[in-house]
Amino acid sequence: MSVLFSELLVPGWADEKIGLDAVTGTYSDGSSFNLPCHTADPELFFSEADLAIAEAKSLCGGCPVRAQCLEGAISRAEPAGVWGGELFEDGRVIAKKRKAGRPSLSEVAAREEEAA
Ligand code: SF4
């Protein structure tokens with residue numbers, strides 16, 4: 001499978017697209033960095049399991065572009081995944097994944113309060 005360079009560009013970061021050179025490279029002291037999500041198992045960042053989600057958030061904690069990543073994910077209203085150390089669902093940051101089944105009354109009330 002080949003990937004076009006344009007497919008590697010991410011829309012929504014400060015209203016411009018960024019390339020891989022913006023998220024991989026070198027610090028001012030000359031040392032190089034790789035983003036944690038580029039070297040870890042990608043499934044961690046899109047898992048349904050609380051443990052994997054916590055691990056992904058932890059990896060983001062040491063990321064040099066965490067703030068920009070979070071800003072971009074918010075601007076794109078990411079539908080899912082861990083971005084910038086936060087878990088997204090339907091474009092919103094959520095504290096944790098809801099388990100299967102009917103939501104509790106308090107969860108429903110909280111969502112309705114948020115929407116109002
Ligand atoms: S903050 Fe963003 S770029 Fe950094 S590891 Fe997490 S998901 Fe990847």
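Is R76 buried or exposed? I looked this up first, and R76 turns out to be buried, at a relative accessible area of 19%. The cut-off for buried is under 20%, so R76 passes. A reminder to myself: this is a predicted model.

**Entry 1: the chain as a whole**

I began with the layout. The protein chain has 5 helices and 7 strands. Read from the N terminus, the order of elements is α-β-β-β-β-α-α-α-β-β-β-α. I also checked burial over the chain: of its 116 residues, 27% are buried.

**Entry 2: R76 and its partner**

Back to R76, which I placed in helix α4. I then asked which side chain R76 contacts. The side chain of R76 makes a polar contact with that of E78, at 2.8 Å. I looked up E78 in turn and found this residue in the loop between α4 and β5 (80–83). E78 counts as buried too, because its relative accessibility is 11% and the limit is 20%. So this contact joins a buried arginine to a buried glutamate. Between the two sits A77, just after α4, and there I noted a positive phi of about 50°.

**Entry 3: one side of α4**

Which residues of helix α4 are buried? Within residues 66–76, I listed C69, G72, A73 and R76. These four lie on the same side of α4, because they cover an arc of only 100° around the axis. The spacing fits what I know of helices: an α-helix has 3.6 residues a turn, so residues three or four places apart point the same way.

**Entry 4: around the ligand**

Next I turned to the ligand. Which residues are around the ligand? My list reads L35, P36, C37, C60, C63, V65, R66, C69, V82 and G84. C69 is on this list and also among the buried residues of α4. Two helices, α2 (36–39) and α4, each supply at least two residues of this shell. By class I wrote down 8 nonpolar, 1 polar and 1 charged residues.

I also took a look at N34, in the loop between β4 (32–33) and α2. N34 is exposed, with a relative accessible area of 55%. From N34 I went to C63, which belongs to the ligand shell. The two are 29 residues apart in sequence, and their C-alpha atoms are 8.7 Å apart in space.

**Entry 5: the second largest pocket**

How much space lies in the second largest pocket? I noted about 320 Å³. Its lining has 13 residues, and those nearest the centre are I94, A95, K96, E107 and R111. Both β7 (92–94) and α5 (105–115) supply at least two lining residues each. The largest share comes from α5, with 4 residues. For anyone thinking about chemistry here, the lining divides into 4 nonpolar, no polar and 9 charged residues.

**Entry 6: E114 on α5**

While on α5, I looked up E114, which lies in this helix. E114 is exposed, because its relative accessible area is 55% and the exposed class begins over 50%. What does the side chain of E114 contact? I found a polar contact with the side chain of R92, at 2.7 Å. For my summary: the E114 contact involves an exposed glutamate, whereas the glutamate that R76 contacts, E78, is buried.

Notes: Residues are numbered from 1 along each chain as its sequence is written. This is a predicted model: local features need pLDDT of at least 70, side-chain atom pairs count only at pLDDT 80 or more; totals for chains, interfaces and linings use all residues. Side-chain values use heavy atoms; hydrogens and water are left out. Buried means under 20% relative accessible area, exposed over 50%, partly exposed in between (1.4 Å probe, protein chains only). The arc is that of the directions from the helix axis to the C-beta atoms. A residue is near a molecule or strand if one of its heavy atoms lies within 4 Å of it. Ala, Val, Leu, Ile, Met, Phe, Trp, Tyr, Cys and Pro count as nonpolar, Asp, Glu, Lys and Arg as charged, and the others, Gly among them, as polar. On a 1 Å grid over the protein atoms alone, a cavity is a set of points where a 1.4 Å probe fits but cannot get out, and a pocket is an open set with protein on both sides within 12 Å along at least five of seven lines; lining residues have an atom within 4 Å of a point. Grid points are joined across faces, edges and corners, and a volume is the space filled by probe spheres set on the points. A polar contact is a pair of N or O atoms within 3.5 Å; within protein, one must be able to donate a hydrogen and the other to accept it, and residues adjacent in sequence count only if both atoms are side-chain atoms.
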